[in-house]
Amino acid sequence: MKTLVQNGMIVTADGRTEADILVDGGIIAQIGRGLPTAVDKKIDARGKYVLPGGIDVHTHLDMPFGGSFSVDDFRTGTIAAAFGGTTCIVDFAIQERGQSLRHAFDTWMKKAEGKAAIDYGFHMIMRESTPELREEMGAMVREGVTSFKLFMAYPGVFYMDDASIFRTMQRSGEIGALICMHAENGPVIDVLIEQARAKGHKAPKWHALTRPARLEAEATYRAICLAEVADVPVYIVHLSASEALEQVTAARDRGLPAFAETCPQYLFLSYDNYEEPGFDGAKYVMSPPLRAKEKQKDLWRGLKFNDLQAVATDHCPFCMKDEKQLGKDDFSKIPNGAPGIETRMSLMYDGGVLAGHITLERFVEITSTAPAKIFGLYPKKGTIAVGTDADLVVFDPNRTTTWSAKTHHMNVDYNPYEGRVCKGAVDTVLSRGEVVIEKNLFVGKVGRGEFVKRKAR
Ligand code: URP
Ligand code: ZN
Ligand code: ZN
């Protein structure tokens with residue numbers, strides 16, 4: 001199958017150029033002008049951008065959490081991702097207490113196989129760090145699971161103590177893996193939650209009020225210190241607080257390999273959303289929580305100057321009418337997480353590029369190229385070059401997208417950006433050369449997505 005994407009403006013992290021792209025057998029075969037037109041399919045991209053497919057390195061599909069499961073599975077979640085211009089995700093397999101990493105890997109492979117519409121990889125969440133599990137990390141790396149998420153938050157669920165984190169970090173150094181850290185001081189947060197509940201506080205906003213920015217900053221600093229002593233890189237996931245960013249910036253200024261991602265919700269939503277009437281604040285219950293609006297500029301600055309390297313979604317959707325109701329009378333029981341897999345590229349283009357915070361090239365870098373490099377997907381994914389996977393997005397800068405739960409493709413009953421009009425819209429999406437989105441329809445095959453073996457560092 002040969003496809004020619006004609007007359008578009010190709011944008012990569014390094015620049016832009018007007019040229020055609022010839023795709024052959026799922027791979028980019030040629031880039032240039034006047035390419036052979038004897039092909040099976042032509043896509044006219046005149047007046048449009050041709051971008052490398054978005055890479056979302058933080059999703060939770062079909063994830064057991066907070067007494068229920070996130071409501072997008074690998075079918076609905078990856079189709080929604082494709083609609084939003086994302087062609088590769090890295091989701092999280094979860095090791096159960098007393099179980100092996102292999103068991104978790106097999107379980108998540110089964111969740112994805114036959115369902116995923118785009119390519120996917122896995123990080124591994126480790127709930128505990130025994131000598132056997134640390135040994136097994138090497139086998140996971142050989143399978144292409146080259147990053148491990150550890151939690152300083154959620155005592156009794158995912159929380160890991162500092163000594164175990166440190167040992168796991170040391171092991172990651174031996175095998176060229178990367179530690180992804182959920183950096184919040186969970187034990188102290190639990191004290192604040194207990195005290196708030198004792199005073200009778202029930203509303204969703206107390207989720208945020210019991211997770212202060214300083215406890216994210218403290219954990220971020222601690223994670224970086226542990227990584228420094230273990231002599232390994234560390235990647236801070238879903239960074240929300242500018243106080244935490246200060247720690248990452250200081251570490252990077254000292255030359256440490258500290259990396260961090262933020263998420264659109266921390267750039268476009270704020271603490272004020274928790275004050276919405278009734279129980280609506282539950283829509284935004286996620287960890288870390290949304291922060292003060294006036295601090296968003298610090299995150300934008302971090303993105304601009306590369307103290308933040310990536311924007312992922314932490315897509316972990318729960319319905320307002322069902323799962324979120326678990327916390328109707330107790331903020332601490334509201335399942336943590338919000339949808340975002342479909343809205344990321346649109347928000348970052350409209351609210352990032354058009355708002356003047358970042359260039360178009362930087363937009364490509366933080367949503368695709370840098371995550372691909374950090375997580376061992378590059379150059380197979382994350383750029384547009386001869387020999388790489390033809391994961392391409394034809395993006396129309398002149399159309400608009402209006403976000404609504406009525407029209408989005410995520411399997412969740414609300415959209416945190418309901419009514420927001422974003423300039424720019426995804427036209428056509430190719431995943432390894434196959435058109436999966438066209439004329440606002442999913443035209444790919446469910447289950448065609450492949451597991452991507454990622455490289456170690
Ligand atoms: O609230 C969140 N972030 N839910 C997903 C789990 C996690 O910590 O990433
Ligand atoms: Zn987390
Ligand atoms: Zn997450």
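**View 1. Strands β9 and β10 side by side.** In this predicted model, strand β9, covering residues 86-94, runs parallel to strand β10, covering residues 119-125. Seven bridges hook the two together. To pick out one of them, find Ala-93: its bridge partner in β10 is Met-124. Strands of a sheet pair through backbone hydrogen bonds, and they can do so in a parallel or an antiparallel way.

**View 2. The eight-stranded sheet.** Step back from that pair and you'll see that β9 and β10 belong to an open sheet of eight strands. Reading across, the order is β6-β9-β10-β11-β12-β13-β14-β15, and the pairing is parallel. The sheet has two edge strands: β6 (54-59) and β15 (310-311). Each of these pairs on one side only.

**View 3. Ligand 1 and its surroundings.** Here we zoom in on ligand 1, which sits in the largest cavity. How many residues surround ligand 1? There are 14, and the closest are Lys-149, His-182, Ser-287, Asp-314 and Asn-336. Sorted by character, the shell around ligand 1 has five nonpolar, seven polar and two charged residues.

**View 4. Polar contacts to ligand 1.** Three residues to look for here are His-182, Asp-314 and Asn-336. The side chain of His-182 has an N or O atom 3.0 Å from an oxygen atom of ligand 1. For the side chain of Asp-314, an N or O atom is 2.6 Å from a nitrogen atom of the ligand. Asn-336 brings in its backbone instead: a backbone N or O atom of this residue lies 3.1 Å from a nitrogen atom of ligand 1. Taken alone, ligand 1 would expose 270 Å², and the protein buries 100% of that.

**View 5. A cis bond at Ser-287.** Ser-287 turned up among the closest residues to ligand 1, and here's another thing to spot: a cis peptide bond joins Ser-287 to Pro-288, with omega at about -5°. Pro-288 is found in the loop between α9 (264-268) and α10 (296-304). Most peptide bonds are trans.

**View 6. Another cis bond, at Tyr-378.** Move along the chain and you'll meet a cis peptide bond between Tyr-378 and Pro-379, where omega is about 5°. Which loop holds Pro-379? Look between α12 (360-374) and β16 (392-402).

**View 7. Tyr-154 and its positive phi.** This close-up is all about one backbone angle. Tyr-154 isn't a glycine, yet its phi is positive, near 60°. Most residues other than glycine have a negative phi. To find Tyr-154, follow the loop between β11 (147-151) and α4 (162-175).

**View 8. Strands β1, β5, β16 and β17.** Start with strand β1 (residues 2-12), which runs parallel to strand β5 (residues 49-52) and is joined to it by two bridges. Ile-10 stands opposite Val-50 in β5. From β5, carry on to β16: these two pair in the antiparallel sense over four bridges. Val-50 shows up again here, with Val-394 as its bridge partner in β16, while Leu-51 stands opposite Val-393. Next to come is strand β17 (residues 421-431), which runs antiparallel to β16 and is tied to it by eight bridges. One position to check in this pair is Leu-392, which stands opposite Leu-430 in β17.

Methods. Residues numbered from 1 in each chain as written. Chains lettered and ligands numbered in written order. Predicted model: local features only at pLDDT ≥ 70, side-chain atom pairs only at ≥ 80, totals over all residues. Heavy atoms only, no water. Near = heavy atom within 4 Å. Polar contact = N/O pair within 3.5 Å; in protein donor to acceptor, adjacent residues only side chain to side chain. Areas by Shrake-Rupley, 256 points an atom, 1.4 Å probe, with all protein chains shown as cover. 1 Å grid on protein atoms, 1.4 Å probe; cavity = no way out; pocket = protein on both sides within 12 Å on 5 of 7 lines; lining within 4 Å. Sits in = over half its atoms within 2 Å of the grid points. Nonpolar A, V, L, I, M, F, W, Y, C, P; charged D, E, K, R; others polar. Pairing = 2+ DSSP bridges.
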